[in-house]
Amino acid sequence: MKQLSLCLVSVTFLLACSPSKDNRPNILLIVADDLAYTDLGAFGGEIRTPNLDALAYAGVKLTQFYVAPTCSPTRSMLLSGTDNHLAGLGNMAGDFRENQVGEGYEGYLNFRVAALPELLKDAGYHTYMAGKWHLGLTPETSPGARGFERYFSLLSGGAGHLSQLNLTGSEPAYYEEDGKPVDLPEDFYSSRTYSEKMIGYLEN
């Protein structure tokens with residue numbers, strides 16, 4: 001794979017690879033919930049993050065991107081390049097009040113916006129994802145429907161890092177791979193499993 005030319009450091013991995021005989025850059029996007037940019041060494045943090053620092057130094061650091069106060073609105077802005085209300089996530093997906101119904105509060109990445117993986121796929125890139133989606137729970141709003149050729153994803157807002165239990169611990173969280181429900185392996189650890197899935201997509 002050619003040198004990665006874009007890296008936003010933030011535990012979802014999104015990857016777009018240009019065709020093998022193409023000179024366009026490959027794109028790696030790492031999105032981590034609840035990680036302040038100043039936690040990383042490349043941005044002045046005190047925690048040792050040598051691998052992420054190396055990616056940041058070899059790529060492009062975007063220093064004027066601002067997030068929403070919660071994860072799905074931020075993800076909607078990142079993947080659409082628009083305000084989260086225009087993208088359908090005026091509030092956290094699944095956390096709407098009675099006065100937050102209708103346009104701007106659909107609870108999924110709506111179809112008034114073009115999603116980044118759709119644009120990249122249309123431009124001839126191969127697009128892959130592993131990790132949390134939280135931008136739609138239906139087949140029509142899944143990662144596959146929004147431009148990812150291959151994906152392994154937790155569709156909802158959160159789950160355990162070491163098991164398939166949801167955030168309340170009351171039932172299994174729902175994971176999908178390429179549109180089909182999957183159960184997690186016994187030795188599941190979120191970061192390792194997501195990384196291994198992404199490496200597998202690249203190798204295949």
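This briefing describes two helices, two cavities and several loop residues of the structure shown above. The model is a predicted one, and the values below are computed from its atoms. Helix H2 is largely enclosed by the rest of the structure, since 10 of its 10 residues are buried, while the buried residues of helix H4 line one face of that helix. The largest cavity has a volume of about 80 Å³, and the second largest cavity has a volume of about 70 Å³.

**Helix H4**

- Helix H4 runs over residues 190-203, a stretch of 14 residues, and the distance from its first C-alpha to its last is 20 Å, which is close to the 20 Å expected at 1.5 Å a residue.
- The residues of H4 that are buried are Ser190, Thr193, Tyr194, Met198, Gly200 and Tyr201.
- When H4 is viewed down its axis, these buried residues fall within an arc of 160 degrees, and they therefore line one face of the helix.
- The cover over the buried residues of H4 includes four strands, namely S2 (12-17), S4 (126-132), S5 (150-154) and S6 (175-177).

**Helix H2**

- Because 10 of the 10 residues of H2 are buried, this helix is largely enclosed by the rest of the structure.
- The buried residues of H2 include the polar and charged side chains of Ser72, Thr74 and Arg75, and among the others are Cys71, Pro73, Met77, Leu78 and Leu79.
- Just after H2 comes glycine 81, whose phi is positive, near 75 degrees.

**The largest cavity**

- The volume of the largest cavity is about 80 Å³, and its lining is made up of Leu14, Leu15, Ala16, Ile27, Leu29, Leu116, Pro117, Leu120, Thr127 and Phe148.
- At least two residues of this lining are supplied by each of S2, strand S3 (26-31) and helix H3 (116-122).
- Sorted by class, the lining of the largest cavity holds nine nonpolar residues, one polar residue and no charged residues.

**The second largest cavity**

- The second largest cavity, with a volume of about 70 Å³, is lined by Thr12, Leu14, Val31, Arg75, Leu78, Leu79, Met129, Lys132, Trp133 and Leu135.
- S2, helix H2 (71-80) and S4 each contribute at least two residues to this lining, and the largest share, three residues, comes from H2.
- By class, the lining of the second largest cavity has seven nonpolar residues, one polar residue and two charged residues.
- Leu14 appears in the lining of the largest cavity and also in the lining of the second largest cavity.

**The loop between H2 and H3**

- Valine 101 has its place in the loop between H2 and H3, and with a relative accessible area of 67% this residue is exposed, because the cut-off for that class is over 50%.
- Valine 101 and phenylalanine 148 are 47 residues apart along the chain, and their C-alpha atoms are separated by 28 Å.
- Glycine 104 is also placed in the loop between H2 and H3, but at 4% relative accessibility glycine 104 counts as buried.
- Once its neighbours within four places in sequence are left aside, glycine 104 is in contact with His85, Gly88, Leu89, Gly90 and Arg112.
- From glycine 104 to glutamate 149 the separation is 45 residues in sequence and 27 Å in space, taken C-alpha to C-alpha.

**The loop between S4 and S5**

- Histidine 134 is found in the loop between S4 and S5, where its phi is near 55 degrees, a positive value in a residue other than glycine.
- With 8% relative accessibility, histidine 134 counts as buried.
- Alanine 145 lies in the loop between S4 and S5, and at 35% relative accessibility alanine 145 counts as partly exposed.
- Apart from neighbours within four places in sequence, the contacts of alanine 145 are with Glu118, Pro139 and Glu140.
- The C-alpha atoms of alanine 145 and proline 117 are separated by 9.9 Å, although the two residues are 28 residues apart along the chain.

**The loop between S6 and S7**

- Aspartate 178 lies in the loop between S6 and strand S7 (180-182), and its phi is near 50 degrees, a positive value in a residue other than glycine.
- At 30% relative accessibility, aspartate 178 counts as partly exposed.

Conventions: Residues are numbered from 1 along each chain as its sequence is written. Side-chain values use heavy atoms; hydrogens and water are left out. The expected span of a helix is 1.5 Å times one less than its number of residues. Buried means under 20% relative accessible area, exposed over 50%, partly exposed in between (1.4 Å probe, protein chains only). The arc is that of the directions from the helix axis to the C-beta atoms. Contact means heavy atoms within 4.5 Å. On a 1 Å grid over the protein atoms alone, a cavity is a set of points where a 1.4 Å probe fits but cannot get out, and a pocket is an open set with protein on both sides within 12 Å along at least five of seven lines; lining residues have an atom within 4 Å of a point. Grid points are joined across faces, edges and corners, and a volume is the space filled by probe spheres set on the points.
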